[in-house]
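Biologist: I would like a close look at one part of this model, followed by how that part sits in the rest of the chain. Please keep it plain and give the cut-offs as you go.

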Amino acid sequence: MKLLLVLVVLLFGVWLWRSRRIANKPVPPRPPKVLPSMVTCEVCGLHLPQTEALVTERGVYCSPQHQQQAKQ
């Protein structure tokens with residue numbers, strides 16, 4: 001019984017030592033997120049990333065349907 005108690009106390013001490021050691025580690029800063037520039041559809045006013053938009057001489061559109069609708 002004494003051996004079991006000593007083992008439990010020893011395991012608790014190791015756990016406590018490791019948790020404090022991990023907690024004292026400095027966390028490296030995260031690099032800032034770079035957000036894509038946003039554009040607005042000429043037909044519906046939807047805001048979407050420029051990488052997903054259809055950009056033409058006549059304007060910016062969110063879908064081929066809106067591009068066709070603007071031509072009419």
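Biologist: Does Pro 49 count as buried or exposed, and at what relative accessibility?

Modeller: Pro 49 counts as buried, at 17% relative accessibility, where buried means under 20% relative accessible area, exposed over 50%, and partly exposed in between (1.4 Å probe, protein chains only). The model is a predicted one, in which local features need pLDDT of at least 70 and side-chain atom pairs count only at pLDDT 80 or more, while totals for chains, interfaces and linings use all residues. Residues are numbered from 1 along each chain as its sequence is written, and side-chain values use heavy atoms, with hydrogens and water left out.

Pro 49 belongs to strand β2 (residues 47-49). Strands (E, at least two residues) and helices (H or I, at least four) are DSSP runs, numbered from the N terminus. Not counting residues up to four places away in sequence, Pro 49 touches Pro 36, Ser 37, Met 38 and Val 39; a contact is heavy atoms within 4.5 Å. Two of these partners can be placed by their C-alpha atoms. Ser 37 is 12 residues from Pro 49 in sequence and 5.8 Å from it in space, C-alpha to C-alpha. Pro 36 is 13 residues away along the chain, and its C-alpha atom is separated from that of Pro 49 by 5.8 Å. Pro 36 itself is found in the loop between α1 and β1 (38-40). Pro 36 is partly exposed, with a relative accessible area of 40%, whereas Pro 49 counts as buried.

Further along the chain comes Leu 54, in strand β3 (residues 54-55). Leu 54 counts as partly exposed because its relative accessibility is 29%. Leaving aside neighbours within four places in sequence, Leu 54 is in contact with Gly 59, Val 60, Tyr 61, Ser 63, Pro 64 and Gln 67. The C-alpha atoms of Leu 54 and Gln 67 are separated by 7.8 Å, with the two positions 13 residues apart along the chain.

His 66 lies in helix α2 (residues 64-71) and is buried, with a relative accessible area of 17%. Outside its neighbours within four places in sequence, His 66 is in contact with Cys 41, Val 43, Cys 44 and Tyr 61. Tyr 61 is also among the contacts of Leu 54.

Now the other end of the chain. Leu 5 lies in helix α1 and counts as exposed at 56% relative accessibility. Leu 5 and Gln 65 are 60 residues apart in sequence and 74 Å apart in space, C-alpha to C-alpha. Leu 11 is also in helix α1 (residues 2-23), and at 55% relative accessibility Leu 11 counts as exposed. Leu 11 is one of the residues of a nonpolar surface patch of about 750 Å², together with Met 1, Leu 4, Leu 7, Val 8, Leu 10 and Val 14. Patches are made of residues with over 30% relative accessible area and no salt bridge, like charges being joined within 9 Å and nonpolar side chains (Val, Leu, Ile, Met, Phe, Trp, Tyr) within 5 Å. A salt bridge is a side-chain nitrogen of Lys or Arg within 4 Å of a carboxyl oxygen of Asp or Glu.

The count of aromatic pairs comes to one. Phe 12 and Trp 15 form this tilted pair, 5.8 Å centre to centre and 35 degrees between the planes. Rings of Phe, Tyr and Trp (its six-membered ring) pair if their centres lie within 6.5 Å; planes under 30 degrees apart count as stacked, over 60 as edge-to-face and the rest as tilted. Phe 12 and Trp 15 are separated by about one helical turn because they are three residues apart in helix α1. Trp 15 counts as exposed, at 53% relative accessibility.

As for the whole chain, there are two helices and four strands, running α-β-β-β-β-α from the N terminus on. The C-alpha trace spans about 90 × 25 × 15 Å along its principal axes. The radius of gyration is 30 Å, where a compact globule of 72 residues would have one near 11 Å; the radius is taken over C-alpha atoms, and the globule rule is 2.2 Å times the number of residues to the power 0.38. Buried residues make up 15% of the 72 residues, and Pro 49 counts as buried.

Conventions: Accessible areas come from the Shrake-Rupley method with a 1.4 Å probe; for residues, only the protein chains shown count as cover.
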